[in-house]
Amino acid sequence: MDDLLTRLRAGLPAEALLTDPDVTASYARDMASFCAAGDPAVVVLPRTVEQVQHVMRTATELRVPVVPQGARTGLSGGANASDGCIVLSLVKMDRVLEINPVDRIAVVEPGVVNAVLSRAVAEHGLYYPPDPSSWETCTIGGNIGTASGGLCCVKYGVTAEYVLGLDVVLADGRLLSTGRRTAKGVAGYDLTRLFVGSEGSLGIVVRAVLALKPQPPAQLALAAEFPSAAAACAAVCAIMERGHTPSLLELMDRTTVQAVNKLARMGLPDTTEALLLCAFDTPDPAADLAAVGELCAAAGATEVVPAADVAESELLLQARRLSLTALETIKSATMIDDVCVPRTRLAEMLDGTAAVAEKYGLTIGVCAHAGDGNTHPVVCFDHTDEDESRRARESFDEIMALGLALGGTITGEHGVGVLKKEWLARELGPVGLELQRGIKATFDPLGLLNPGKLF
């Protein structure tokens, strides 16, 4: 420990090192339940690429594990510390280095908060689409680490589609530049895409070149109430089959609607079994909403309420934004699942989740990015009740098994971390797992980067 601190201090300012156990303990974990976390030896908050390189060289020389972190808003334990590790918190590397309206790119450091970047590029008439629900606090580095998504994914895609190039400090301290600044480029293997979603297990992202889009028009939304989840999912399929491109297509089940009603008194009918929210940012959003409204009615919607203007749209969308907050009021703890299935199997996913809730005697609310089949079943439980906690974990696993059985994936945007690493092996299969472990060994032969995650 003394040797570690001495070597780190040789290349870092005093304020970059945190050693007080009461302080370092606050960096031990992210927001996931049921994920073990250790006690870090030290927390380092670098401000420069050179400082990150110094940390990694020191870690390699002394064989000390390193756990990279952003804002710790993750939901899979991917940022959890291991005993005796260096926690490398990148939140102080928070500069927007460049915004280029001609090339439509931004160059940023990993600690830039998503919302800060979004507002900065908006001043240039540009748009950075990925918008995780924690966008006011989560960082771009964390978004890249987990390949995060958001409400707009149905039209604009996930983080991976906006990362053009990266500067990455490797496990031994070398600096690697991947990708490009150009609109096109296919030179060599796509190492950039390999790092996106790698959860800090292959290298430390210290700079990113991000693609931007022109700022779209303000979106208009509608809300449609359905007598069953199956009817709402049928509407989703019809909307996508007809070729519509909504900027948002979200679904809330009865449990979630009732929780939001109780929290915010939004006046949604208690008889609503599913609420579908759809928005368009097209040149004529009212016409698009009218067409979607007809499809919802044909699928069995009991009421369709289009917004007259942007202000009304925001009121309608507020219900979705309050979903997780509302479900957290039901019990003392929640486990937020992240299972993505083909749109055609979405109804089976929701009905199957409801059956799991009944089987285990638990409250499980589902809010979903319905347009891309990404469901977030939220298991509500009393963490002080040992039996209920056990049932919560078992129900969580059963929901993941259901997603795989329906041709889906165990995570659409939250990552694997600690929470789902056993399930990753099931999804990948033995050959896929062997190859992925081989890639990890190539980039991190000593196994120092974020140990115990993914595999």
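These legends walk you through a few close-up views of a predicted model.

**View 1. The nonpolar cores of the model.**
Start with the largest nonpolar core, which is built from 57 residues. If you would like some landmarks, look for Phe226, Ile239, Leu251, Leu276 and Cys296, the residues with the most contacts inside this core. Helix α8, spanning residues 229-241, supplies the largest share of the core, with 9 residues. There is also a second core, separate from this one, with 32 residues. Ile105, Val121, Ile144 and Val168 are among its members. As background, nonpolar side chains in soluble globular proteins tend to be buried together.

**View 2. Helix α10 and its two faces.**
Here we move to helix α10, which covers residues 285-299 and has 15 residues. From its first C-alpha to its last, α10 reaches 21 Å, close to the 21 Å expected at 1.5 Å a residue. Which residues of α10 are buried? They are Pro285, Leu289, Val292, Gly293, Leu295 and Cys296. Looking down the helix axis, you will find these buried residues within an arc of 165°, so they line one face of α10. Glu294 and Ala298 are exposed, and they sit on the face turned away from the buried side.

**View 3. What packs against α10, and what follows it.**
The buried residues of α10 have several packing partners: helix α8 together with β12 (220-226), β14 (274-280) and β15 (303-306). One of those buried residues, Cys296, also appears among the residues with the most contacts inside the largest nonpolar core. Just after the helix comes Gly300, with a positive phi near 115°.

**View 4. Ser33 and its partners from farther along the sequence.**
Ser33 is located in the loop that runs between α2 (21-24) and β2 (42-44). Follow its side chain and you will arrive at the backbone oxygen of Thr334, at 3.0 Å. Setting aside neighbours within four places in sequence, the contacts of Ser33 are Thr334, Met335 and Leu419.

**View 5. Asp131 in its loop.**
Our last stop is Asp131, in the loop between β7 (126-127) and α5 (140-146). Is Asp131 buried or partly exposed? Its relative accessibility is 22%, so Asp131 counts as partly exposed, given that buried means under 20%. Not counting residues up to four places away in sequence, Asp131 touches Asn114, Gly149, Gly150, Leu151 and Cys152. Take Leu151 as an example: this residue and Asp131 are 20 residues apart in sequence, with 6.5 Å from C-alpha to C-alpha. As for Cys152, its backbone nitrogen is reached by the side chain of Asp131 at 3.4 Å.

Note on methods:
Residues numbered from 1 in each chain as written. Predicted model: local features only at pLDDT ≥ 70, side-chain atom pairs only at ≥ 80, totals over all residues. Heavy atoms only, no water. Core = buried A, V, L, I, M, F, W, Y, C linked by side-chain atoms within 4.5 Å. Buried < 20%, exposed > 50% of the residue type's maximum accessible area, 1.4 Å probe, protein only. Helix = DSSP H or I, 4+ residues; strand = E, 2+ residues; numbered from the N terminus. Expected span 1.5 Å × (residues − 1). Arc of directions from axis to C-beta. Contact = heavy atoms within 4.5 Å. Polar contact = N/O pair within 3.5 Å; in protein donor to acceptor, adjacent residues only side chain to side chain.
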